[in-house]
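Colleague: Could you take me through this model, from its core to its ligand site? I would like the terms spelled out as we go.

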Amino acid sequence: MRFDIISVLPELLESPLNHSIMQRAKDKGLMEVFLHNLRDYAAGKHRQVDDYQFGGGAGMVMKPEPLAACIEKCLSERSYDAVIYTAPDGQRLDQSLCNQLSMKDNLLIICGHYKGIDERIREKYVTLEISIGDYVLSGGELAAAVIVDSVGRLIPGVLNDETSALFDSFQDDLLAPPVYTRPADWEGMSVPEVLLSGHEKNISEWRHEQSLERTRSRRPDLWERYEKG
Ligand code: ADE
């Protein structure tokens, strides 16, 4: 799977995507990430990528020309399953959207900055707008990193059995159960007996019960969806 990411601050994306599971996915040849510096597509001595907004108001807007030049360059080299724009007014990212995106081959992600990108770029090129939550980030790079991480780890072969995504929270509309490691007793707090029993059926029943209880008490919205099936 290939991600192309357009950004004015590509450095922001380097560290999160060059470690741990993301690095392993790339090393295994299962995922590729290409960063495109928007400034390379901006004209003039100052390589200006933003400008004042028409109608007045605080905050700059990302100019259409450099974005269009960069997007066109990407589109001339391959077709994309989705052209994604990261924005607080997009569709909320959830596990189901991550699952869908993990089955794609090529995704192009445009990171917004300042007040956002000129609306005409959204109209002309963007096919999917994604928000990572109801808060405003100072730029779309962290949102892009969240998308690449949450989608990339679902690509078949990226995770090994130990980290299998099948047991993640949200995978079946339930939160994951609590987990423990050694020592079995720590500061007078002990690990639930059943986990030490070696009895697989009891352990899996206990985990399921804990998932149900966690979801019921912490996320009534998910619980309602789970109950409706
Ligand atoms: N850019 C700014 N805020 C954002 C958010 N919440 N999600 C995605 N992109 C953003």
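**Core, chain and ligand shell**

Modeller: I84 is in contact (heavy atoms within 4.5 Å) with L101, L107, L108, I109, I110, L128, I130 and I147, leaving out residues up to four places away in sequence. Because this is a predicted model, local features need pLDDT of at least 70 and side-chain atom pairs count only at pLDDT 80 or more, whereas totals for chains, interfaces and linings use all residues. Residues are numbered from 1 along each chain as its sequence is written, and side-chain values use heavy atoms, with hydrogens and water left out.

Colleague: Which element gives the most to the largest nonpolar core?

Modeller: A nonpolar core is a set of buried Ala, Val, Leu, Ile, Met, Phe, Trp, Tyr and Cys residues joined through side-chain atoms within 4.5 Å, where buried means under 20% relative accessible area, exposed over 50% and partly exposed in between, with a 1.4 Å probe and protein chains only. The largest such core has 30 residues, and F3, I5, I84 and V148 have the most contacts inside it. Elements that each supply at least two of its residues include β1 (2–7), β5, β7 and α6 (141–152), helices (H or I, at least four residues) and strands (E, at least two) being DSSP runs numbered from the N terminus. The element that gives the most, with 5 residues, is α6.

Colleague: What share of the 229 residues in the chain is buried?

Modeller: The chain has 9 helices and 9 strands, and its C-alpha atoms fill a box of roughly 70 × 40 × 35 Å along the principal axes. Of the contacts with a separation of 6 or more, 76% are between residues 24 or more positions apart. The buried share of the 229 residues is 41%.

Colleague: Is M1 buried or exposed?

Modeller: M1 is found in the segment before β1, and beyond its neighbours within four places in sequence its contacts include L30, M31, L101, L107, V151 and I155. With a relative accessible area of 17%, M1 is buried.

Colleague: How much of the ligand's accessible area does the protein cover?

Modeller: Three polar contacts with nitrogen atoms of the ligand come from the backbone: G133 at 3.0 Å, Y135 at 2.7 Å and L137 at 3.0 Å. A polar contact is a pair of N or O atoms within 3.5 Å; within protein, one must be able to donate a hydrogen and the other to accept it, and residues adjacent in sequence count only if both atoms are side-chain atoms. Of the 260 Å² of accessible area (Shrake-Rupley method, 1.4 Å probe; for residues, only the protein chains shown count as cover) that the ligand has on its own, the protein covers 95%.

Colleague: Which element gives the most to the shell around the ligand?

Modeller: The residues around the ligand (a heavy atom within 4 Å of it) include T86, A87, P88, I130, S131 and I132. The elements that give two or more residues to this shell are β5 (82–92) and β7 (128–131). The most, 3 residues, comes from β5.

Colleague: Where does S131 lie?

Modeller: S131 is buried, with a relative accessible area of 2%, and among the residues it touches are A87, P88 and G90. A polar atom of the S131 side chain is 3.0 Å from the backbone oxygen of G133. The strand that holds S131 is β7.
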